[in-house]
Amino acid sequence: MNLTILGCYAATPRTFTNPTSQVLEIRNHLFLIDCGEGTQVQLRKNKIKFSAINHIFISHLHGDHFYGLIGLISTFNLLNRKNDLVVYGPKGVEEIIKLQFKLSNSWPQYDLKFVELTSNESETIFEDNKVIVKTIPLKHRIYTNGFLFQEKTKERKLNVSAVQNYKIDTCYFQNIKNGKDIVLDNGTTIPNSALTFDPEKPKSYAFCSDTIYNEDIIPIIKDVDFLYHETTFLESESELAKKTMHSTAKGAANIAKLANCNQLILGHYSTRYESIELFKQEAKTIFENVLLADDGKVFEF
């Protein structure tokens, strides 16, 4: 599982900082999370293959989280994209994008699908045999969701020396990796635990951007491996955070602590501060395992 930060600053693009967008690589999927202005340029800079992105998750309809979407979708079309693209986002995202296509008479030639979200409860919005994605309802000035990405448990690992010792035919290997016991020709049952090793623990990643301090999300993100949580302000601007319905570094750290997260990644910084290190310093007074997102930074989980 790899996370590439394309942009992690609040409000407007600047010369050296970009609004929110990131790419999560998980079990052969390349998920784009939010699509602030300039996302496609950042994708190029980070050498991420456009055609590998088939799912885009939009947290909410504030411009610094989706103004890059129409440009990216249009560029996909100019590059003669053939595969389907699915956009998950709040109700209204389809209308916004299609209105621009209508007025510019530039409809994409590939199949563009929208999954619009309205629920205030966590729900599963994507699932296959490897990954499941759920919403994390957040509290912001407009309807907003975070997203929880979870690996499904992998198949068990074959103990090659054990299966060779029992002279088990290769045709049974997949059943063994699926967790089944094996009955030998003499009637002896070999338990699966004697033929396999436990798989790696499934990994999980939670994306929580643009939200006031909200302990309601804790049961959803409990024990998550990596939590990205917005930290627009420092505690010195806590009243401004409440007014604009954003979080502070201290608040994000407290959520990570209460949810027993393994690592906290901070982002969505206001550019009013002289250094993003200030966010880390504040958060570490509450929660030890703190990382700082920054444009172009890659986290390998």
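**Exercise 1. Determine the strand order of the open seven-strand sheet, and find its edges.**

Step 1. The open sheet of seven strands runs in the order E7-E8-E9-E14-E15-E16-E17, and its pairing is mixed. Strands are DSSP runs of E with at least two residues, helices are runs of H or I with at least four, and both are numbered from the N terminus. Two strands pair if DSSP finds at least two bridges between them.

Step 2. The edges are strand E7 (124-127) and strand E17 (290-292). Each has a single partner strand, so one side of each lacks a neighbour in the sheet.

Step 3. Ignoring direction, neighbouring strands of this sheet are turned against each other by 20 degrees on average. Axes here are lines fitted to C-alpha atoms, for helices over the stretch in contact; angles between N-to-C directions run from 0 to 180 degrees.

A note on the source: this is a predicted model, in which local features need pLDDT of at least 70 and side-chain atom pairs count only at pLDDT 80 or more, while totals for chains, interfaces and linings use all residues. Residues are numbered from 1 along each chain as its sequence is written, and side-chain values use heavy atoms, with hydrogens and water left out.

**Exercise 2. Describe how E16 pairs with E17, and place helix H9.**

Step 1. Strand E16 (residues 263-267) pairs with E17 in the parallel sense, over three bridges.

Step 2. Take Ile265: its bridge partner in E17 is Leu291.

Step 3. Helix H9 (residues 249-258) packs on the sheet and touches strand E15 (226-230) and E16. Contact means heavy atoms within 4.5 Å. The direction of H9 makes about 150 degrees with that of E15.

**Exercise 3. Count the salt bridges, then analyse three of them.**

Step 1. The whole structure holds 11 salt bridges. The criterion is a side-chain nitrogen of Lys or Arg within 4 Å of a carboxyl oxygen of Asp or Glu.

Step 2. Glu94 and Lys98 meet at 2.6 Å, N to O. They sit four residues apart in helix H4 (residues 93-104), so about one helical turn separates them. Glu94 is partly exposed at 25% relative accessible area. Lys98 is partly exposed at 34%. The classes are buried under 20%, exposed over 50% and partly exposed in between (1.4 Å probe, protein chains only).

Step 3. Lys152 bridges to Glu127, with the closest N and O atoms 2.7 Å apart. This pair links distant parts of the chain, 25 residues apart. Lys152 is in the loop between strand E9 (144-151) and strand E10 (157-158), and Glu127 is in strand E7. Lys152 is partly exposed at 26%, as is Glu127 at 48%.

Step 4. Asp225 bridges to Lys201 at 3.6 Å between the closest N and O atoms. Asp225 lies in the loop between helix H7 (218-221) and E15, Lys201 in the loop between strand E13 (196-197) and strand E14 (204-208), so the pair ties together parts 24 residues apart in sequence. Asp225 is buried at 13%, whereas Lys201 is exposed at 58%.

Step 5. Salt bridges with shared partners join Lys154, Lys157 and Glu200 into one network.

**Exercise 4. Count the disulfides, and check Cys208.**

Step 1. Apply the cut-off: a disulfide is a pair of cysteine sulfur atoms within 2.5 Å. The count is zero.

Step 2. The closest cysteine sulfur to that of Cys208 is in Cys261, 8.4 Å away, which is too far for a bond. Cys208 is buried at 0% relative accessibility.

Step 3. Cys171 is exposed, at 53% relative accessible area.
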